[in-house]
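I opened a new notebook page for this one. My plan is to start with the overall build, then go through charges and surface patches.

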Amino acid sequence: TQQGRLWRACCSMARSRSREQKRKKRKRDRPSEERGREEVRKDAMMKRIERQVQERIAARVGSREFERTMQEKIREEIERHFSLVKIEMDMKKKKLIEEFQQQRDQEERSKQELEAIIRTNQQKMQEQQQRVAQELGTQADALLQERGLLQKRQEQRRRALQKGIEDEEG
């Protein structure tokens with residue numbers, strides 16, 4: 001297959017590098033004329049290998065299979081990003097819902113506390129009004145009793161005075 005050929009080409013390039021290092025070492029030992037010919041031959045061979053690698057890469061990249069593979073990888077990457085964005089949105093949504101519920105619960109507690117305070121104040125106010133009303137009622141009763149006593153005393157004095165006047169006249 002193409003992958004196998006590509007792999008073999010890469011491996012042979014790795015072997016070529018190690019061979020090339022050995023050749024360089026040998027070249028240092030050879031006379032300069034031989035080295036020049038060797039360099040030309042080596043450059044030609046490297047160009048040929050590079051051309052072959054480029055052709056194989058171009059063939060591989062231009063194939064429909066490669067295009068399908070790339071499209072599949074792109075689709076998978078898009079799906080992965082989409083799922084990450086969806087997860088982030090779900091987390092933000094959940095956080096906002098929790099914050100809203102906490103705020104609503106806090107408002108409800110505050111409302112209940114306020115209502116309890118209002119009820120307590122109303123109850124205290126009613127109790128105070130009842131005490132005042134009782135005191136006013138007690139005072140009114142006391143005033144009525146005192147008036148009644150005063151009227152009885154005045155009546156008794158008047159009777160006593162009338163009796164005293166009648167006794168003097170009679």
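**Entry 1: the model and its confidence**

I noted first that this is a predicted model, so I looked up the confidence before anything else. The protein chain averages a pLDDT of 84, and 79% of the residues score at least 70. Where is confidence lowest, and where is it highest? The lowest mean, 63, belongs to helix H1 (residues 2–29), while H3 has the highest, at 91. I wrote myself a reminder that coordinates should not be read in detail where pLDDT is low.

**Entry 2: the fold**

I counted the elements next and found three helices and zero strands in the protein chain. Read from the N terminus, the order is α-α-α. Helix H3 covers residues 64–169, and I kept coming back to this helix in the entries below.

**Entry 3: buried or exposed?**

I then asked how much of the protein chain counts as buried. The answer is 5% of its 170 residues. The chain exposes about 16100 Å², and I noted that carbon and sulfur atoms supply 52% of that area.

**Entry 4: salt bridges**

How many salt bridges does the structure hold? I found five. As general background, side chains of opposite charge can pair when their charged atoms come close.

I looked at Arg80 and Glu77 to begin with. They form a salt bridge, and their closest N and O atoms are 2.6 Å apart. Why can these two meet along the helix? They sit three residues apart in helix H3, so about one helical turn separates them. Arg80 is partly exposed, with a relative accessible area of 41%, and Glu77 is partly exposed too, at 34%.

My next stop was Glu155, which has a salt bridge to Arg158 at 2.3 Å, N to O. Here again the two residues are three apart in helix H3, which means a separation of about one helical turn. I have Glu155 down as partly exposed, at 25% relative accessibility. Arg158 also counts as partly exposed, at 43%.

Glu155 turned up again in a salt bridge with Arg159, where the N to O distance is 3.6 Å. Glu155 and Arg159 are four residues apart in helix H3, and that too is about one helical turn. Arg159 is exposed, because its relative accessible area of 52% is over the 50% cut-off. I also logged a network: Glu72, Arg75 and Glu79 are joined into one by salt bridges that share partners.

**Entry 5: a nonpolar patch**

I went on to the surface. Which residues make the nonpolar patch? They are Met70, Ile74 and Ile78, and the patch measures about 260 Å². I picked Ile78 for a follow-up and placed it in helix H3. Ile78 is exposed, as its relative accessible area is 53% and the cut-off is over 50%.

**Entry 6: a negative patch**

My last lookup was about charge on the surface. Asp105, Glu107, Glu108 and Glu115 gather there in a patch of negative charge. I checked one of them, Asp105, which lies in helix H3. Is Asp105 buried, exposed or partly exposed? It counts as partly exposed, at 39% relative accessibility. A residue needs over 30% relative accessible area and no salt bridge to belong to a patch, so Asp105 at 39% clears the area cut-off.

Conventions
Residues are numbered from 1 along each chain as its sequence is written. This is a predicted model: local features need pLDDT of at least 70, side-chain atom pairs count only at pLDDT 80 or more; totals for chains, interfaces and linings use all residues. Side-chain values use heavy atoms; hydrogens and water are left out. Patches are made of residues with over 30% relative accessible area and no salt bridge: like charges are joined within 9 Å, nonpolar side chains (Val, Leu, Ile, Met, Phe, Trp, Tyr) within 5 Å. Accessible areas come from the Shrake-Rupley method with a 1.4 Å probe; for residues, only the protein chains shown count as cover. A salt bridge is a side-chain nitrogen of Lys or Arg within 4 Å of a carboxyl oxygen of Asp or Glu. Buried means under 20% relative accessible area, exposed over 50%, partly exposed in between (1.4 Å probe, protein chains only). Lys and Arg count as positive and Asp and Glu as negative; His and the chain ends are not counted. The place of a charge is taken as NZ of Lys, CZ of Arg, CG of Asp or CD of Glu. pLDDT is the predictor's confidence in each residue, from 0 to 100.
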